[in-house]
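The following exchange is meant for a reader who is meeting this structure for the first time. It proceeds by questions, each with a short reasoned reply.

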Amino acid sequence: MALSIQSLLILFTTLLLKETLVVAETCSNCFTHSRAAYYPNSDEQGTDVGACGFGSFGATINGGDVSAVSDLYRNGVGCGACYQVRCTNSNYCSDKGVTVVITDQGSSHDTDFILSQRAFGRMAQTKDAAAALLALGVVDIEYRRYPNKNITIKIDENSNYPHYFAFVLWYQQGDKDITAVQLCETQNFVCKLLDRSHGAVWTTNSPPSGPLSLRMLLSGEDGDESWIIPVNNIPENWKGGETYDTGVQINV
């Protein structure tokens, strides 16, 4: 029996809604269009005085593929995040682009990203194309959050048990942000909420003793929140200046 016009309309609306939901579910992989410039400093890496609090490591982290951002900085919440950035000029640019870590805040010529010279050139197909991109100075790009490496803890050199403990988080991935961090004793799981000093720096004046476990609160733009506990703990004999792999990547 032939379908009525009303039935056909209902069927079409249902199929359109399903397609819209599929697009929404996969939009975490979508690219956002913007523009990018690069640091005008003489070397190829980033800056060692960035707003995220990484210090000298802010220039060399991720092999020097780093970036400052404007709106994505969000009062330091965006620090340590990983982004895939690729320019859109097919004459010069590769499909893969470059993966950068956010280490600083800044903007130039209505850009969302100010890449290190190294990262800016790595968006190109060849060395000659990289030189052409650098000569342009500002290019159209597209970007998205991107899983890259395990989240890593870098303990501040001034940390000293039992008086002071501070660290930064590197390689934050996924669509959600780390908005709170707890430091917990592994034996009795007594936890202490840390303070965000600035950028990606988390601090406490009285750190717990023994091996330590982190709990990180992930918050999304939709209001969804969830806690994650890294696989690896901070060892009991932690030292200022050392780095520790958490063993986890955030892909949500």
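**Cavities, cores and loops**

The second largest cavity is lined by Ile153, Leu212, Ser213, Leu214, Pro230, Asn232, Asn233, Ile234 and Thr246. The model discussed here is predicted.

Me: Which strand gives the largest share of the lining of the second largest cavity?
Reply: The lining includes Leu212, Ser213 and Leu214. Residues 212–219 form a strand, and 3 residues of the lining come from it, the largest share. The element asked for is strand 13.

Me: How many charged residues does the lining of the second largest cavity have?
Reply: Among the lining residues are Ile153, Pro230, Asn232 and Thr246. By class, the lining has 5 nonpolar and 4 polar residues. The number of charged residues is therefore none, since only Asp, Glu, Lys and Arg count as charged.

Me: How much space lies in the second largest cavity, and how much in the largest?
Reply: The count comes to 2 cavities of 30 Å³ or more. The second largest cavity holds about 40 Å³ of space. For the largest cavity, the value is about 60 Å³.

Me: From which domains does the lining of the largest cavity draw at least three residues each?
Reply: The largest cavity is lined by Gly76, Val77, Cys79, Leu169, Gln172, Ile178, Arg196, Ala200 and Trp202. By class, this lining has 6 nonpolar, 2 polar and 1 charged residues. At least three lining residues come from each of domain 1 (32–145) and domain 2 (151–246).

Me: Where does the largest nonpolar core lie with respect to the domains?
Reply: This core has 36 residues, and those with the most contacts inside it are Tyr83, Val85, Phe113, Met123 and Ile141. Among the elements that each supply at least two of its residues are strand 3 (82–87), helix 4 (127–136), strand 6 (139–145) and strand 8 (165–170). Because both domains give residues to the core, its place is between domain 1 (32–145) and domain 2 (151–246).

Me: How many residues does the other core have?
Reply: Another core lies apart from the largest one. Ile153, Val181, Leu218 and Trp238 are among its members. Its size is 19 residues.

Me: Which residues does Val85 touch, not counting residues up to four places away in sequence?
Reply: Val85 is one of the residues with the most contacts inside the largest nonpolar core. Phe113, Met123 and Ile141, also named among those residues, are in contact with Val85. The list of residues touched by Val85 is Gly97, Val98, Val100, Phe113, Met123, Ile141, Glu142 and Tyr143.

Me: Is Gly64 buried or exposed?
Reply: Gly64 is located in the loop between helix 2 (57–60) and strand 2. Leaving out residues up to four places away in sequence, Gly64 touches Gln45, Gly46, Ala59, Ser116 and Arg118. Its relative accessible area is 0%, and the cut-off for burial is under 20%. Gly64 is therefore buried.

Me: What distance separates the C-alpha atoms of Gly64 and Leu115?
Reply: Along the chain, Gly64 and Leu115 are 51 residues apart. In space, their C-alpha atoms are separated by 9.7 Å.

Me: Which residues does Glu157 contact, leaving aside its neighbours within four places in sequence?
Reply: Glu157 is in the loop between strand 7 and strand 8, and is partly exposed with a relative accessible area of 48%. From Glu157 to Glu242 the C-alpha distance is 8.0 Å, although these residues are 85 apart in sequence. The contacts of Glu157 are Phe57, Gly240 and Gly241.

Me: Which form does the peptide bond from Tyr161 to Pro162 take?
Reply: Pro162 is placed in the loop between strand 7 (152–155) and strand 8. The omega of the bond from Tyr161 to Pro162 is near 0 degrees. The form of this bond is cis.

Me: What is the phi of Phe189?
Reply: Phe189 belongs to the loop between strand 9 (177–185) and strand 10 (191–193). With a relative accessibility of 41%, Phe189 counts as partly exposed. Its phi is positive, in a residue other than glycine, with a value near 55 degrees.

Technical notes. Residues are numbered from 1 along each chain as its sequence is written. This is a predicted model: local features need pLDDT of at least 70, side-chain atom pairs count only at pLDDT 80 or more; totals for chains, interfaces and linings use all residues. Side-chain values use heavy atoms; hydrogens and water are left out. On a 1 Å grid over the protein atoms alone, a cavity is a set of points where a 1.4 Å probe fits but cannot get out, and a pocket is an open set with protein on both sides within 12 Å along at least five of seven lines; lining residues have an atom within 4 Å of a point. Grid points are joined across faces, edges and corners, and a volume is the space filled by probe spheres set on the points. Domain bounds come from an automatic or database domain assignment. Helices (H or I, at least four residues) and strands (E, at least two) are DSSP runs, numbered from the N terminus. A nonpolar core is a set of buried Ala, Val, Leu, Ile, Met, Phe, Trp, Tyr and Cys residues joined through side-chain atoms within 4.5 Å. Buried means under 20% relative accessible area, exposed over 50%, partly exposed in between (1.4 Å probe, protein chains only). Contact means heavy atoms within 4.5 Å.
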